Amino acid sequence: AGISTGMSRQARSGDRKISAELFTLTYGALVSQLVKDYESDAEVNKQLKKIGYNIGVRLIEDLLARRALGRCQDFKETADVIAKIGFQTYIGVTPTVTKWSAAMDEFSLLFDSNPLADFVELPDDHRKLLYSNVLCGVLRGALEMVHQEVDVSFLRDTLRGDEVTEIRLKFVKKLEDALPAGEE
């Protein structure tokens, strides 16, 4: 008998759940190894952000290939795409976009749940560890690829005793399209 590639929608959904749990556990192993390899939580946080940046640079290509998304007209539209499409597509959650600055150049993403933090408890000697800091790097890397420089940081984290997880994004500047050297 040959291999069947036809799957019911229910089976694919179950596979996605298993895949998400596998990713969560694999991510946990990565963070554990970084904690062993680096002396301070600050250095682990920096490495997680760097890893996330590299992931974000690639994820945005995948997202744009999967979806017929046009260029966002403003930072508000960017925020909606991040929350409703990006996070939903890749980690199955839709954070709330809130706390806009008066200039509309800064907002927060509030997460009721964070799949990366499932099954996780931070030890008392790692209270400064930003366990899900990879998400900040993903956001910065992805947005840079669509010509938006942003500052991204964790403000609150349920793993550190806060009631919600909050990531803050601040628009810094629009990046110009880079032309190859010698071309104008």
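1. A good place to start is the meeting of helix 3 and helix 4: Thr78, Ile82, Phe87 and Ile91 in helix 3 touch Leu135, Leu139 and Leu143 in helix 4. By class, this contact of helix 3 with helix 4 divides into 6 nonpolar residues, 1 polar and no charged. Please keep in mind throughout that this is a predicted model.

2. Now the geometry of that pair. Helix 3 (residues 75-91) and helix 4 pack at an angle of about 120°, and their axes are 13 Å apart. Helix 3 is therefore oblique to helix 4. The crossing of helix 3 past helix 4 is right-handed.

3. Helix 4 also has helix 2 as a partner. Helix 2 (residues 41-66) and helix 4 (residues 134-145) have axes 6 Å apart and pack at an angle of about 40°. Because angles under 35 degrees count as roughly parallel, this value makes helix 2 oblique to helix 4. Their crossing is right-handed.

4. You may like to colour the residues of this contact in the viewer. On the helix 2 side they are Leu48, Lys49, Ile51, Gly52, Tyr53, Ile55, Gly56, Val57, Leu59 and Ile60. On the helix 4 side they are Val134, Cys136, Gly137, Val138, Arg140, Gly141, Ala142, Glu144 and Met145. The contact of helix 2 with helix 4 has 12 nonpolar, 4 polar and 3 charged residues.

5. The remaining helix pair to look at here is helix 2 with helix 3. These two pack at an angle of about 105°, with 11 Å between their axes. Helix 2 and helix 3 are therefore roughly perpendicular to each other. Leu59, Asp62, Leu63 and Arg66 of helix 2 make the contact with Ile85, Gly86, Thr89 and Tyr90 of helix 3. The residues of this contact of helix 2 with helix 3 divide into 4 nonpolar, 2 polar and 2 charged. Leu59 is worth a second look: this helix 2 residue is listed in the contact with helix 4 and also in the contact with helix 3.

6. On to the sheet. The model has an open sheet of 4 strands in the order 1-2-4-3, with antiparallel pairing. Strand 1 (96-98) and strand 3 (148-156) are the edge strands, and each pairs on one side only. From one strand to the next, the twist averages 25°.

7. Which elements of the sheet does helix 4 touch? Helix 4 packs on the sheet and touches strand 2, strand 3 and strand 4 (165-174). The direction of helix 4 makes about 165° with that of strand 3.

8. For the pairing of strand 1 with strand 2 (residues 106-111), there are 3 bridges in the antiparallel sense. Valine 97 stands opposite leucine 109 in strand 2, while threonine 98 has serine 108 of strand 2 as its bridge partner.

9. Strand 2 also pairs with strand 4, in the antiparallel sense and over 6 bridges. Here the bridge partner of leucine 109 is isoleucine 167 in strand 4. Leucine 109 thus stands opposite valine 97 and is also bridged to isoleucine 167.

10. Finally, is strand 2 mostly buried or exposed? Of its 6 residues, 5 are buried, so strand 2 is largely enclosed by the rest of the structure. Its surroundings include strand 1 and strand 4 as pairing partners, together with helix 4, which touches strand 2.

Conventions. Residues numbered from 1 in each chain as written. Predicted model: local features only at pLDDT ≥ 70, side-chain atom pairs only at ≥ 80, totals over all residues. Heavy atoms only, no water. Axes fitted to C-alpha atoms, helices over the stretch in contact; angles between N-to-C directions. Parallel < 35°, antiparallel > 145°, perpendicular 65-115°, else oblique. Left-handed = near helix turned anticlockwise from the far one by under 90°. Contact = heavy atoms within 4.5 Å. Nonpolar A, V, L, I, M, F, W, Y, C, P; charged D, E, K, R; others polar. Pairing = 2+ DSSP bridges. Buried < 20%, exposed > 50% of the residue type's maximum accessible area, 1.4 Å probe, protein only.
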